[in-house]
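User: I would like to work through this model with you, one question at a time. Please explain the reasoning behind each answer before you give it.

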Amino acid sequence: MPGHENSHASGMPPRRLTRDELAILESCPKTKFQKFLDYVVCFLPVVAGGVALWEYNCLPDLQGNTHGNDYNWFILALMGLVLIGFLASFCGRRAFRWMRYKAPFYTFVFLVLAGYDWLTLKTGGLPLPYFPWLDQMLEAAIADWGYLMDCAKNSLILLFTGYFIGVGAGLVTGIACGYNRNVNYWIEPFTRLLGAIPSTTWLPVVMVLAATLFRGSVFIIALGVWYSVTIATKTGITNIDPAYFEAARTLGVKGMRLVGTIAVPSALPNILQGMTQGMSTACVALMVAEMIGVESGLGWYITWQKSWARYGNMYAAVVAICVIFVLVNTLLGAIRHYMLRWQER
């Protein structure tokens, strides 16, 4: 690798290779035909998008079914994003590897969309009103966009309020239990009890005792997050090599400074893993709380639309929930990757 000669000449230790550099070195050289096939695979999602458009516009609809142009614009937008990714694959090795890895899945997504449209709009294999075709879902989402966004905002407020309260409480109890045996003696029985019972089990009791439905839902979400973060933090701290603490004490670090300088940094991978697990628990608790007791939010919106048999609106909210949860987990993954970037060096 370039730069290694200079490091040896200057007496500096050689730089460790990153994962991307190791992958490049370990990969076998490809022939021109293999490279051509790789680019064909990268372009397959665009072809699959064209198939979805052909299916939607050229195959006859089932008698009585009609469709508009919203689905066409939706597929064209997805094809545009995929085409940008394909063109970017010519600009750099990393972009090419990413597109080559994702292309088969994107192709599958387009084919699934085409298959679902064929089973609903074209043949009626999946009957109305329970399975509206995609154009109906898009029309429902566009028509009720403002209310959907308001419900999404309320869901995010409830989710993050409970999540951050649970993370804060979990860090406090997890650090205390992992660092102090006396505290662990009193807290551990409660973690064993609450760990065996899903947090949503307490929903009927909490909704009666809580001052408001919002506070009760926050408590349910925070309870599940608290357990995940507490266990992960405690495990991370108890698994730290005692020699690290002894070395820090030798250097004059004492008392609570050991927590900030040794315990928390060393347990950070476990803590972040617990926070990711806690978000999954929070999402489940959020949906249950909204469907049962909260007066606004995407979970409540789904129950409301289902009661009126407006399945297009219901599925639009389900898609909105999936998109929001994917974005939230992607954000958490990016934060985790950034904070643990030292592991890849």
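User: At which residue does α5 bend, and by about how many degrees?

Analyst: This is a predicted model, so the angle is a property of the prediction. A proline, P104, follows the bend within four residues. The bend itself is about 40°, and the residue at which α5 bends is A103.

User: How far apart are the end C-alpha atoms of helix α5, and what should its 30 residues span?

Analyst: Helix α5 covers residues 93-122, and at 1.5 Å a residue its 30 residues should span 44 Å. The distance in the model agrees with that expectation, because the end C-alpha atoms of α5 are 42 Å apart.

User: Which helices are included in what covers the buried residues of α5?

Analyst: The buried residues of α5 include F96, M99, A103, T107 and F110, and further along the helix L113, Y116 and D117 are also among them. A residue counts as buried when its relative accessible area is under 20%. The cover over these buried residues includes α3 (32-58), α4 (70-88) and α6 (134-143).

User: Is D38 buried or exposed, and which residues does D38 touch beyond those up to four places away in sequence?

Analyst: D38 is found in helix α3. Its relative accessible area is 6%, and because buried means under 20%, D38 is classed as buried. Not counting residues up to four places away in sequence, D38 touches K30, F96 and R100.

User: What is unusual to check in the backbone after α5, that is, which peptide bond is cis?

Analyst: Just after α5, G124 takes a positive phi of about 70°. The loop between α5 and α6 is also the place of P129. The cis peptide bond, with omega of about 0°, joins L128 and P129.

User: Which residues lie nearest the centre of the largest pocket?

Analyst: The largest pocket has a volume of about 1,300 Å³. The elements that give two or more residues to its lining are α4, α5, α6, α7 and α14. Its lining divides into 34 nonpolar residues, 1 polar and 1 charged. Of the 36 residues that line the largest pocket, those nearest its centre are F74, L78, L113, V319 and V323.

User: Which helix gives the most residues to the lining of the largest cavity?

Analyst: The structure holds 1 cavity of 30 Å³ or more, and the largest cavity has a volume of about 30 Å³. Its lining consists of S155, L156, L286, M287, L298, I321, I324 and F325, which divide into 7 nonpolar, 1 polar and no charged residues. At least two lining residues come from each of α7 (145-179), α12 (257-292) and α14 (311-339). The helix that gives the most, with 3 residues, is α14.

User: How far apart in space are L332 and Q273, C-alpha to C-alpha?

Analyst: L332 is found in helix α14 and is buried, with a relative accessible area of 14%. Leaving aside neighbours within four places in sequence, L332 is in contact with Y163, M275, T276 and M279. L332 and Q273 are 59 residues apart in sequence, while their C-alpha atoms are separated in space by 9.9 Å.

User: How is A309 classed by its accessible area?

Analyst: A309 is found in the loop between α13 (298-307) and α14, and its phi is near 60°, a positive value in a residue other than glycine. With a relative accessible area of 41%, A309 is partly exposed.

Note on methods: Residues numbered from 1 in each chain as written. Predicted model: local features only at pLDDT ≥ 70, side-chain atom pairs only at ≥ 80, totals over all residues. Heavy atoms only, no water. Expected span 1.5 Å × (residues − 1). Bend = angle between axes of the 7 residues up to and from the residue. Buried < 20%, exposed > 50% of the residue type's maximum accessible area, 1.4 Å probe, protein only. Contact = heavy atoms within 4.5 Å. 1 Å grid on protein atoms, 1.4 Å probe; cavity = no way out; pocket = protein on both sides within 12 Å on 5 of 7 lines; lining within 4 Å. Points joined across faces, edges and corners; volume = space filled by probe spheres on them. Nonpolar A, V, L, I, M, F, W, Y, C, P; charged D, E, K, R; others polar.
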